[in-house]
Amino acid sequence: MNNTLLEVDGVSVTFDGFRAINNLSIQIAEPELRAIIGPNGAGKTTFMDIITGKTRPDEGKVIWGERNISLLKMSESQIAQQGIGRKFQKPTVFEAQTVRENLAMALKNKRGPFDVLFFRSNPSIEGEIVELAEEIGLQDALDTPSGILSHGQKQWLEIGMLLAQDPRLLLVDEPAAGMTQAEREQTTEILVRAAQTRAVVVVEHDMEFVRRLNCKVTVLHEGSVLAEGSLDHVTANQTVIDVYLGR
Ligand SMILES: Nc1ncnc2c1ncn2[C@@H]1O[C@H](COP(=O)(O)OP(=O)(O)OP(=O)(O)O)[C@@H](O)[C@H]1O
């Protein structure tokens, strides 16, 4: 692939003698939507922790961008500044602030030296807020205090706050958890749209949700890639059925 954005190559991580990630190699393109599935303990969270610099591998390479730079020597904040955003399962919006205020804050925190140097009170920020709110389906809730949003709406707001930073790679951990069916469907739309212009990697257990994402799927098992391809392709794999689906 010549549009590879992230290349994880032969990475291993051992925790107290236990190999949580075992010679793992995964490439993510730009743009791309990718789902990562696999049984509990397969290494999905650790994989994301390696990309964001929270966990350091014992072996292997993590290469980023067109200049093929290594993320392994960077701090977590330097990695974030490269344009890697992460959405954790639990939303962390500012509950006392409205949707507009949360989005405005996220836009003002936008990464990059130019934004910091030349930031001034910006009349176009309102336009950007409305655009973001439309992207996450909250255009009618701009003046709602975030604390009274539904669980799903809070998740979308947090996705919007991450999109405000314009990441090249967005890592999303179990977005469907705790959502109603209607919220799941809207979340699918938000992620599919976001992935038209960037890389979005979604870790998710809910197979219906993964099916609706309609993207390439990587199955992890014991810290390695067990299968990769369309959902139909990987779910037809007998080992995938044995270790994950059949249980
Ligand atoms: N800091 C740590 N210290 C020791 N063991 C760890 C640590 N982090 C993860 N592990 C172990 O590494 C393995 C992989 O864990 P990880 O959380 O990445 O799996 P996962 O695929 O995200 O699982 P789940 O679906 O349950 O979230 C597990 O066996 C876990 O117990």
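## Around the ligand

In this predicted model, the element that gives the most to the shell around the ligand is helix H1, with 3 residues. The residues around the ligand are Phe 15, Asp 16 and Ala 20, then Gly 38, and after that Asn 40, Gly 41, Ala 42, Gly 43, Lys 44, Thr 45 and Thr 46. Sorted by class, that shell has 6 polar, 3 nonpolar and 2 charged residues.

Asp 16 deserves a second look. This shell residue is found in the loop between S1 and S2, and its phi is near 50°, a positive value in a residue other than glycine. Is Asp 16 buried or exposed? It counts as exposed, because it has 5 C-beta neighbours inside 10 Å, and the cut-off for exposed is 12 or fewer.

## The six-stranded sheet

Now for the sheets. One is an open sheet of 6 strands with mixed pairing, and its order reads S6-S7-S8-S3-S9-S10. Strand S6 (84–87) and strand S10 (224–229) sit at the edges with a single partner strand each, so one side of each has no neighbour in the sheet. On average, neighbouring strands here are turned by 20° against each other, ignoring direction.

Inside this sheet, strand S3 (residues 32–37) runs parallel to strand S8 (residues 199–203), and the two pair over 5 bridges. One bridge to pick out on screen: Arg 34 has Val 201 in S8 as its partner. Helix H1 (residues 44–51) packs on the sheet and touches S3, S6, strand S7 (169–173), S8 and strand S9 (216–221), with a direction about 150° from that of S7. Helix H7 (residues 181–194) packs on the sheet too, touching S3, S7 and S8, and its direction makes about 145° with that of S8.

## The four-stranded sheet

There is also an open sheet of 4 strands, this one with antiparallel pairing, in the order S2-S1-S4-S5. Its edge strands are strand S2 (18–29) and strand S5 (69–70), each pairing on one side only. Strand S4 (residues 59–64) and S5 are joined by 2 bridges in the antiparallel sense, and in S5 the partner of Trp 64 is Ile 69.

H1 turns up again here: it packs on this sheet, touching strand S1 (4–15), S2 and S4, and its direction makes about 65° with that of S2. So the helix that gives the most to the ligand shell has contacts with the 6-stranded sheet and with the 4-stranded one.

## Backbone oddities

Most residues other than glycine have a negative phi, and most peptide bonds are trans. A couple of spots go the other way. The peptide bond from Glu 30 to Pro 31 is cis, with omega near 0°, and Pro 31 lies in the loop between S2 and S3.

Glu 174, in the loop between S7 and H7, has a positive phi of about 45° without being a glycine. Its 18 C-beta neighbours inside 10 Å make Glu 174 partly exposed.

## A covered helix

How far apart are the end C-alpha atoms of helix H6 (residues 151–163)? They are 19 Å apart, which agrees with the 18 Å that its 13 residues should span at 1.5 Å a residue.

H6 is mostly covered, with 11 of its 13 residues buried. Among them are Trp 156, Leu 157, Ile 159, Met 161 and Leu 163, along with Lys 154 and Glu 158. The cover over the buried residues includes S6, helix H3 (99–108), helix H5 (125–135) and H7.

Terms used. Residues are numbered from 1 along each chain as its sequence is written. This is a predicted model: local features need pLDDT of at least 70, side-chain atom pairs count only at pLDDT 80 or more; totals for chains, interfaces and linings use all residues. Two strands pair if DSSP finds at least two bridges between them. Axes are lines fitted to C-alpha atoms, for helices over the stretch in contact, and angles run from 0 to 180 degrees between N-to-C directions. Two residues are in contact if their C-beta atoms, placed from the backbone, lie within 7 Å. A residue is near a molecule or strand if its C-beta atom, placed from the backbone, lies within 6 Å of it. Ala, Val, Leu, Ile, Met, Phe, Trp, Tyr, Cys and Pro count as nonpolar, Asp, Glu, Lys and Arg as charged, and the others, Gly among them, as polar. A residue is buried if 20 or more other C-beta atoms lie within 10 Å of its own, exposed if 12 or fewer, and partly exposed in between; C-beta atoms are placed from the backbone. The expected span of a helix is 1.5 Å times one less than its number of residues.
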